[in-house]
Amino acid sequence: MKLGFFLIAALLQHWLFVSDIHLDPYASGSRIRAYHPGDTAEPLWKSALREMRARVPDARVIVLGGDMLAHDFASLARRNGASPETAAIATAKGIAAGLAAAFPRAQFIVALGNNDDPCGDYRSEIGGSYQNALARVWEPLVDRNGAAPGFAAQFVRGGYYTVKLPGNERAIVLNSVLWSFVYRGSCSGSARNPGASELTWLREQLGRPGSGRDVVVMHIPVGYDALSTTTTHRFLAVPFLNGPADRALLDMFGDDSRIAFALAAHVHRYAFRIAGDVPMLIGSSISPVYRNNPAFYALEVDGAGTLHDVVPYVYDLMDGDWHVQPSFDATYGVDDFTTANLKAISARIERDPSLREKWIEAYDVWSWRMGDIADHRWRVFWCAQTEQNGGYAACAGTQNRFATVVAVAVVALLVALAGLGVLIRRKFIVRR
């Protein structure tokens with residue numbers, strides 16, 4: 001048994017998972033502020049780069065989970081007298097150059113997020129000048145050692161592509177913005193339904209014969225948005241993706257024999273969920289815009305594509321320093337990040353208040369000013385881990401609330417109609 005453990009340890013690759021950088025090239029000031037959070041200023045990004053290099057110097061793979069640009073980037077650029085597209089490309093070049101210098105031999109995976117196109121939030125250009133320029137920025141890193149010779153041609157048709165990884169696996173990189181519940185269309189209008197084309201492409205990729213397993217990378221995850229659901233006071237179960245796309249993805253993810261694990265981001269929180277039968281890790285952000293501590297994650301992955309552990313490195317906004325937090329395995333007492341283990345962990349979180357407290361602390365990225373998961377609504381977030389289909393509404397209690405609202409509305413309407421009938425009757429009697 002010990003020999004097997006040491007063999008696995010020797011074969012493990014160290015990956016870095018970094019997402020939601022939201023770099024603001026116009027942010028002023030030299031210190032990282034705790035009490036007035038905004039998107040990532042240059043000092044924070046440089047600090048994160050130094051820490052990543054120091055903590056995981058031998059990173060074989062670096063995954064960028066999307067959202068490189070600051071929120072409302074176009075307005076920021078215009079207020080500073082710059083063209084949004086020119087400024088966006090310059091920002092991407094700066095991020096790429098910093099990472100290339102820090103990790104000159106690593107393999108890169110880059111996904112697009114809903115804030116990665118200067119033409120607007122939840123927009124994604126198809127084949128235009130900006131996407132072509134962006135492909136040229138990332139191609140030298142993604143195609144290192146000939147890992148993705150067709151990257152540029154694939155990327156410009158919609159931001160999705162495949163790349164060979166150092167082991168016997170492949171990354172399938174998706175542009176889930178095209179399937180977003182609030183997708184606002186292609187910037188150029190050159191594609192009528194790019195999301196449908198991407199689903200067709202994904203089916204083809206998963207259906208191809210191969211000896212290795214796939215790692216799926218996407219920015220916006222499948223399933224339900226727990227925070228937005230609580231914002232509606234549980235009157236609505238708010239999805240991340242549109243219904244047809246979400247159902248199609250969950251169906252394709254229904255057999256984990258081909259997909260080893262999936263990585264997603266977008267929520268600026270540290271979480272996990274089961275997508276079909278695939279274990280999905282959701283990484284939090286570098287940007288502290290939502291009062292969350294900035295963080296990045298070191299992953300331990302073997303050559304067959306199994307994710308063995310996740311180690312968070314977190315910048316504490318209060319003490320102004322980076323700290324390593326307990327690994328996923330240490331927190332939950334498991335050996336690997338697998339579907340079976342995630343199901344067991346989720347069941348334990350429901351019945352064990354002390355473990356639930358650790359889960360909440362990690363979800364909030366150890367940030368004392370967040371508190372998304374209050375005592376009275378923790379189930380809304382807990383249900384999102386395992387209930388990705390119609391069962392979420394019942395689990396989170398949105399069905400009961402919606403039914404109550406409908407019942408109250410019907411009663412109110414009937415009362416109003418009855419009152420109107422009385423008034424009409426009285427008028428009729430008086431006239432008569």
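# A tour of two sheets, their helices and a disulfide

Select Thr162 and Ile172, and you will find that Thr162 stands opposite Ile172 of strand β5. The model you have open is predicted, with local features requiring pLDDT of at least 70 and side-chain atom pairs counting only at pLDDT 80 or more, while totals for chains, interfaces and linings use all residues. Residues are numbered from 1 along each chain as its sequence is written, and side-chain values use heavy atoms, with hydrogens and water left out.

**First stop: the sheet that holds β4**

Extend the selection to residues 161-164, which are strand β4, and residues 170-173, which are strand β5; the two pair in the antiparallel sense over four bridges. (Helices, H or I of at least four residues, and strands, E of at least two, are DSSP runs numbered from the N terminus; two strands pair if DSSP finds at least two bridges between them.) The connection from β4 to β5 is a hairpin of five residues.

Now show the whole sheet, which is open and has six strands in the order β4-β5-β6-β7-β9-β8, with mixed pairing. At its edges are β4 and β8 (271-275), each of which pairs on one side only. From one strand to the next, the twist averages 20 degrees. (Angles run from 0 to 180 degrees between N-to-C directions, and axes are lines fitted to C-alpha atoms, for helices over the stretch in contact.)

Within this sheet, select residues 259-264 (β7) and 278-282 (β9), which pair in the parallel sense over three bridges. Here Ala262 has Met280 of β9 opposite. As you look along any strand, bear in mind that in a regular strand the side chains alternate between the two faces of the sheet.

**Second stop: the sheet that holds β1**

Another open sheet of six strands, again with mixed pairing, follows the order β3-β2-β1-β10-β11-β12. Its edges are β3 (107-110) and β12 (321-324), and because each has a single partner strand, one side of each is left without a neighbour in the sheet. The twist in this sheet averages 20 degrees from one strand to the next.

Select residues 295-301 for β10 and residues 307-316 for β11, and you will see an antiparallel pair joined over seven bridges. A residue pair to label here is Phe296, which stands opposite Tyr313 in β11.

**Third stop: helices α2 and α4**

Add helix α2 (residues 42-55), which lies across β1 (13-18), β10, β11 and β12 and runs at about 35 degrees to β12. Then add helix α4 (residues 84-102), whose axis comes within 10 Å of that of α2, the two crossing at roughly 25 degrees. The two helices are therefore roughly parallel to each other, the angle classes being under 35 degrees for roughly parallel, over 145 for roughly antiparallel, 65 to 115 for roughly perpendicular and oblique for the rest.

The crossing of α2 and α4 is right-handed, a term used if the near helix is turned clockwise from the far one by less than a right angle, with left-handed for anticlockwise. To display the contact (heavy atoms within 4.5 Å), select Trp45, Leu49, Met52 and Arg53 of α2 together with Ile95, Gly98, Leu99 and Ala102 of α4. These residues divide into six nonpolar, one polar and one charged, where Ala, Val, Leu, Ile, Met, Phe, Trp, Tyr, Cys and Pro count as nonpolar, Asp, Glu, Lys and Arg as charged, and the others, Gly among them, as polar.

**Fourth stop: helices α11, α12 and α13**

Move to helix α11 (residues 339-351) and helix α12 (residues 353-363), whose axes come within 6 Å and cross at roughly 115 degrees, which makes α11 roughly perpendicular to α12. This crossing is left-handed. Its contact is made by Ile345, Arg348, Ile349, Glu350 and Arg351 of α11 and by Pro353, Leu355, Arg356 and Trp359 of α12, and by class it has five nonpolar, no polar and four charged residues.

Keep α12 on display and add α13, which packs against α12 at an angle of about 85 degrees with the axes 12 Å apart; α12 and α13 are therefore roughly perpendicular to each other. Select Arg356, Trp359 and Tyr363 of α12 with Trp378, Phe381, Trp382 and Gln385 of α13 to see this contact, which has five nonpolar, one polar and one charged residues.

**Last stop: the disulfide**

The structure holds one disulfide, a term that covers a pair of cysteine sulfur atoms within 2.5 Å. Select Cys383 and Cys395, whose sulfur atoms are 2.0 Å apart. The link is left-handed, with -80 degrees about the S-S bond. Cys383 belongs to helix α13 (residues 378-386) and Cys395 to helix α14 (residues 391-396), 12 residues apart.
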